[in-house]
Amino acid sequence: MGFFAFLILGLIAGAIAKLILPGKQRGGWFVTLLLGVVGAMLGGWLGGLLFNASLDSFFSLSTWVLAVGGSLIVLLIYGLIAGRRSKA
């Protein structure tokens, strides 16, 4: 998969993850989308490492599940860090 396809996948995965997570997340849409790209990379890396999953196709269900899952993980971690920092 090319760089721009991966970037678009991460942006969409970040938006989907933001819609899935309950409550109000900090950082707004721009930060969420950037974290979605990071999450898609994390999901792809973990999927390849743990499940030997291939991320060759943009329209593959496993690609999307790993990207959204990674985005959820990154958004949850960011929410914990940002929530802790704002209360201090």
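Me: Which residues form one aromatic cluster in this chain?
Reply: F58, F59 and W64 form one aromatic cluster, where rings of Phe, Tyr and Trp (its six-membered ring) pair if their centres lie within 6.5 Å, with planes under 30 degrees apart counted as stacked, over 60 as edge-to-face and the rest as tilted. This is a predicted model, in which local features need pLDDT of at least 70 and side-chain atom pairs count only at pLDDT 80 or more, while totals for chains, interfaces and linings use all residues. Residues are numbered from 1 along each chain as its sequence is written, and side-chain values use heavy atoms, with hydrogens and water left out.

Me: OK, and how many aromatic pairs turn up in the whole structure?
Reply: Searching the whole structure gives three aromatic pairs. In one of them, the ring centres of F3 and F4 lie 5.4 Å apart and the planes meet at 70°, so this pair is edge-to-face. The rings of F58 and F59 also make an edge-to-face pair, because their centres are 5.1 Å apart and their planes stand at 85°.

Me: Are F3 and F4 buried or exposed? And what about F59?
Reply: Both F3 and F4 are exposed, a class that needs over 50% relative accessible area, with buried meaning under 20% and partly exposed in between (1.4 Å probe, protein chains only). F59 counts as exposed because its relative accessibility is 74%.

Me: Switching to α1, what span should it have?
Reply: Helix α1 covers residues 3-20, and at 1.5 Å a residue its 18 residues should span 26 Å, which agrees with the 25 Å between its end C-alpha atoms. Helices (H or I, at least four residues) are DSSP runs numbered from the N terminus, and the expected span is 1.5 Å times one less than the number of residues.

Me: Which residues of α1 are buried, then?
Reply: The buried set in α1 consists of F6, L9, G10, A13, G14, A17 and K18. Looking down the axis of α1, these buried residues fall within an arc of 165°, so they line one face of the helix; the arc is that of the directions from the helix axis to the C-beta atoms. F4 and L19, on the other side of α1, are exposed.

Me: Where does I8 sit, and how far is it from V37?
Reply: I8 belongs to helix α1, and with a relative accessible area of 45% it is partly exposed. Its C-alpha atom is separated by 8.2 Å from that of V37, although the two residues are 29 residues apart along the chain. V37 is one of the buried residues of α2.

Me: Which others are buried in α2?
Reply: Besides V37, the buried residues of α2 are T32, L35, G36, G39, A40, G43, G44 and G47. As for its length, the 24 residues of helix α2 (residues 28-51) should span 34 Å at 1.5 Å a residue, and the end C-alpha atoms are 32 Å apart, which agrees.

Me: What happens just after α2?
Reply: N52 comes just after α2 and takes a positive phi of about 55°, a positive value in a residue other than glycine. N52 lies in the loop between α2 and α3, and N52 is exposed, given its relative accessible area of 70%.

Me: On to α3: is S71 buried or exposed?
Reply: S71, which is found in helix α3 (residues 61-87), counts as buried because its relative accessibility is 0%. From C-alpha to C-alpha, S71 and A53 are 17 Å apart in space, with their positions 18 residues apart in sequence.

Me: And I81, how does that one count?
Reply: I81 is also placed in helix α3, and at 44% relative accessibility I81 counts as partly exposed. I81 and S60 are 21 residues apart in sequence, and their C-alpha atoms are 32 Å apart in space.

Definitions and conventions:
Helices (H or I, at least four residues) and strands (E, at least two) are DSSP runs, numbered from the N terminus.
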